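The report that follows concerns the structure shown here, and it is best read with the sequence and the coordinates side by side.

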Amino acid sequence: MKFGKEFKKQKVPEWIDAYMDYSGLKQILREIMLHKLSRQPPTPLRAIKQKLKLHRTFSGLHAKSRDFVSQGDIEDQVIDVEALPRDGSGHFYRTNFLRQSEGGEIEEMFFEKLDQELNKVNKFYKDKVEAVRSEAAELNKQMDALIALRIKVDTKNASPDNATAVPLRTSTRTLDLTIGVDTSNNYQEGELTGGPEVSEVTTANCSSDCKEEENKCEDHSLEILEHVKINNTLETPRSTLKGVFKDSKDDELRFRKEELRKVEGQLRVVFIEFYQKLRLLKNYSFMNLAAFSKIMKKYDKITSTRASRSYMKIVDNSYLGSSEDVTSLLEKVETTFISHFSNSNRKDGMKSLRPKGKKERHGVTFLSGFFSGCSIALLIAVVLRIEARDLMDKKEGASYLVNIFPLYRQPKTSLLFAYAILHMLMYAADIYFWRRYRVNYPFILGFKQGTVLSYREVFLLSTGLAVLALSSFLANLHLDMGSRTEHYRKLTELVPLFSITIVIVIIFCPFDIIYRSSRLFFIKSATHCFFAPLYKVTLPDFLLADNITSQVLLYTHTLDWEQLVKMPNFSYVMLLPLVLYQVQAIRSIELYICYYGLGESSQRQSKCHTHGIYNAFYFIVAIVPFWLRFLQCLRRLCEEKDAVHGWNGLKYLLIIIAVLIRTAFELKKGTTWFVLALASSAVAVAMSTYWDIVMDWGLLQRKSKNTYLRDNLVISNKSVYFAAMVLNIVLRVAWMQLVIEFNLHSLQKMAITTIISCLEVFRRGIWNFFRLENEHLNNVGKYRAFKSVPLPFSYNDEETEKDD
């Protein structure tokens, strides 16, 4: 692979603007090469061959002679690089181009651009290193508090009879936490924050004291713990309720083992994330140094000079090339993590710090194709089975479709059947395009490294689910309508329930099979959605909640099955794929509960709509997803104090009102209710459309350099954005059709409702892509490539400084 492609591939997506502009410098070198070629007379073919032969013969000698170039060589006559002092931030570099000849202006432009890139990269790297050094100092204080807490907990839990045998696991070990500075914060530039001397002063003394007198060690730990409090991160329902009914005693340490385990778990995550920062910084330095070396070699080759030697000396002596802070911090973090969080097991510790990436497997591709073929074959088999039995011409066939067929249209929230398959296919397409346009979706969604599903794996899951659903439906159709299975018809009613049970068992299976980490991540996000005010709202949580709202955006209309039975068989066959996607997914949960829970299955008929509880629950479910999303906005408004979340909550409140009025119109009819339903739906659609395009996608910016779009775009073809905006508006307005209720045939109503339902899922898939694209560009603009992980401890002196 060429270096340019490898360099682009290795870039941190959020730092892409902070890397050296390798392609821009290559473009200038092309201009230099074209200028030199235009000045040279055409060379005979024989002369070219002779030059190539001489070059191959003496290339080895030329390489060996580089180390013996004198100061009077030609390179000293080409460039002169100066390192000029900068106010409080090191040096900036400027190259004086000494060769004054025809075409020298282009070479001067090249070195001017090269200096700009070196200064940019050097400054960015130094700022980031200083930031991680400050974070290392804070982590050092956190570790001091953790060690003191361990000593206190071990001492407190020791029995009086065996006091001399207290394990004191932290005090008897060599404490090598040397990643921070001492309490005075006195360090000089170029020295690592907190070297071995700091370790000896702050922690090793405690170890030696503990060996001599355990009481002194306990006094030392108490002295530290007197200035420490537990941070309430408000990430769980319990911590949220404590934050609402705040008590000063909740922040105090109780010296319990449960408290110690919680703190250790938090600091473990902090150290892993900090280690990833250091790895990215080290890779940033390495790739930029390689880019400078490559571009200077290309310059030497084109101009037949050896200017790279003097320039690379400056690069190597710059902060980017000479600083060893990151390497030293990496080693010390490894030592500290292995010693304190992996029981001195280096293999386990490094496995946590450096998780291996997931490898693409050929079996995934094979199974995806296999399941796709099986799905198509099963769908054809279902159609042929219905045609062979002439179910549409029989009364029992109509009853079967009324009672059984809706059970195969399942909720997306459980990743089941038709709507789930459509959503998963759209998610697989989103992943494909996110990867193609280098949108860092694993970081945005908070996926762990090595557990991210590829688009092939998501497609495999969707096709596998399709096979399960169609197989179950075909089996039920065969058993229920067969002449030899009349005595087992009650058992055949349980086939749909058996299918959904399989899916639920797989989702909640505790064993490490079928993408366990992804299943747990989904369960966690779904739990956060359904208990929205009690959990801290993250992007995966409200993204999942937004997708759930798409499932209840369309109101389920009752189908006229009597007229459906009178249809020609051919028309039914053509409509079958649409019927599979027609139902509103979330409300299908009620159908399962009613059909099996209220005993309708034993009577082989569905009278769910005659139950008052069913109708009330059917009414409530329509607004629950929007209500949860509204609560998420209120939570973010209280935490972040940003009015944008308040306006977003107002949007969902308007949708709730529109859904309630529309439901009342469905029950009571009348002109007044129609006008209210139409007006409320129009307002909700208008605000939702505006929010999608302007706030979620960041488009329609007036002062953007890309007209009516935004400054930064990941897709070069601008027409894609305009097409997405138009399509989003059209599909949003399509929701209004269900309010207007044109006087159409029942079949036409069913077809239109089905198509709109499918298009809503398609619209949500498009929305997902551009929503994460906008979030990614916001991270790029702020160079935000790391997650912010809350620290478990806070010091009293820090709170005092904040108050001052």
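## A charged network and the salt bridges

In this predicted model, Asp21, Lys113, Glu117 and Lys120 are linked in a network of salt bridges. The count of salt bridges comes to 20. Side chains of opposite charge can pair when their charged atoms come close.

## Helices H29 and H32

One salt bridge joins the side chains of arginine 763 and aspartate 692, with a distance of 3.3 Å from N to O. This pair links distant parts of the chain, since arginine 763 belongs to helix H32 (residues 746–781) and aspartate 692 to helix H29 (residues 671–696), 71 residues apart. Both partners have little accessible area: arginine 763 is buried, with a relative accessible area of 1%, and aspartate 692 is buried as well, with a value of 2%.

A further salt bridge is formed by the side chains of arginine 771 and aspartate 696, at 3.8 Å from N to O. Arginine 771 lies in helix H32 and aspartate 696 in helix H29, so this pair ties together parts that are 75 residues apart in sequence. Arginine 771 counts as buried because its relative accessibility, 12%, falls under the cut-off of 20%; aspartate 696, at 9% relative accessibility, likewise counts as buried.

## Helix H11 and the loop that follows

Does the length of helix H11 agree or disagree with what 1.5 Å a residue would give? The helix comprises 17 residues (325–341) and should therefore span 24 Å, and its end C-alpha atoms are 23 Å apart, which agrees. H11 is mostly covered, 14 of its 17 residues being buried. Glutamate 334 is buried, with a relative accessible area of 11%.

Arginine 346 forms a salt bridge with glutamate 334, in which the closest N and O atoms are 3.7 Å apart. Because arginine 346 lies in helix H12 and glutamate 334 in helix H11, the pair ties together parts that are 12 residues apart in sequence.

The loop between H11 and helix H12 (346–353) holds asparagine 343, and serine 344 lies in that loop too. For asparagine 343, phi is near 55 degrees, a positive value in a residue other than glycine; for serine 344, also a residue other than glycine, phi is positive and near 65 degrees. As to accessibility, asparagine 343 is exposed, with a relative accessible area of 64%, whereas serine 344 is partly exposed, with 48%, a value that lies between the cut-offs of 20% and 50%.

## Helix H15

Helix H15 (residues 417–436) can be examined by the reasoning applied to H11. At 1.5 Å a residue, its 20 residues should span 28 Å, and the end C-alpha atoms are indeed 28 Å apart, which agrees. H15 is followed by arginine 438, whose phi is positive, near 55 degrees.

## Aspartate 300 at helix H8

Aspartate 300 is found in helix H8, which covers residues 257–303. This aspartate is buried, with a relative accessible area of 12%. Its side chain and that of serine 308 are joined by a polar contact of 2.4 Å. When neighbours within four places in sequence are left aside, aspartate 300 is in contact with Thr305, Arg306, Ala307 and Ser308.

## Two loops around helix H20

Two aromatic residues lie in the loops on either side of H20: phenylalanine 511 in the loop between helix H19 (495–507) and helix H20 (516–530), and tyrosine 535 in the loop between H20 and helix H21 (539–551). Which of them is buried and which is exposed? Phenylalanine 511 is exposed, with a relative accessible area of 57%, whereas tyrosine 535 is buried, with a relative accessible area of 16%.

Phenylalanine 511 contributes to a nonpolar surface patch of about 370 Å², which is made by Ile506, Phe511, Ile513 and Ile514. Tyrosine 535, for its part, can be placed relative to glutamine 632: these residues are 97 residues apart in sequence and 8.8 Å apart in space, C-alpha to C-alpha.

Definitions and conventions
Residues are numbered from 1 along each chain as its sequence is written. This is a predicted model: local features need pLDDT of at least 70, side-chain atom pairs count only at pLDDT 80 or more; totals for chains, interfaces and linings use all residues. Side-chain values use heavy atoms; hydrogens and water are left out. Helices (H or I, at least four residues) and strands (E, at least two) are DSSP runs, numbered from the N terminus. The expected span of a helix is 1.5 Å times one less than its number of residues. Buried means under 20% relative accessible area, exposed over 50%, partly exposed in between (1.4 Å probe, protein chains only). Patches are made of residues with over 30% relative accessible area and no salt bridge: like charges are joined within 9 Å, nonpolar side chains (Val, Leu, Ile, Met, Phe, Trp, Tyr) within 5 Å. Accessible areas come from the Shrake-Rupley method with a 1.4 Å probe; for residues, only the protein chains shown count as cover. A salt bridge is a side-chain nitrogen of Lys or Arg within 4 Å of a carboxyl oxygen of Asp or Glu. A polar contact is a pair of N or O atoms within 3.5 Å; within protein, one must be able to donate a hydrogen and the other to accept it, and residues adjacent in sequence count only if both atoms are side-chain atoms. Contact means heavy atoms within 4.5 Å.
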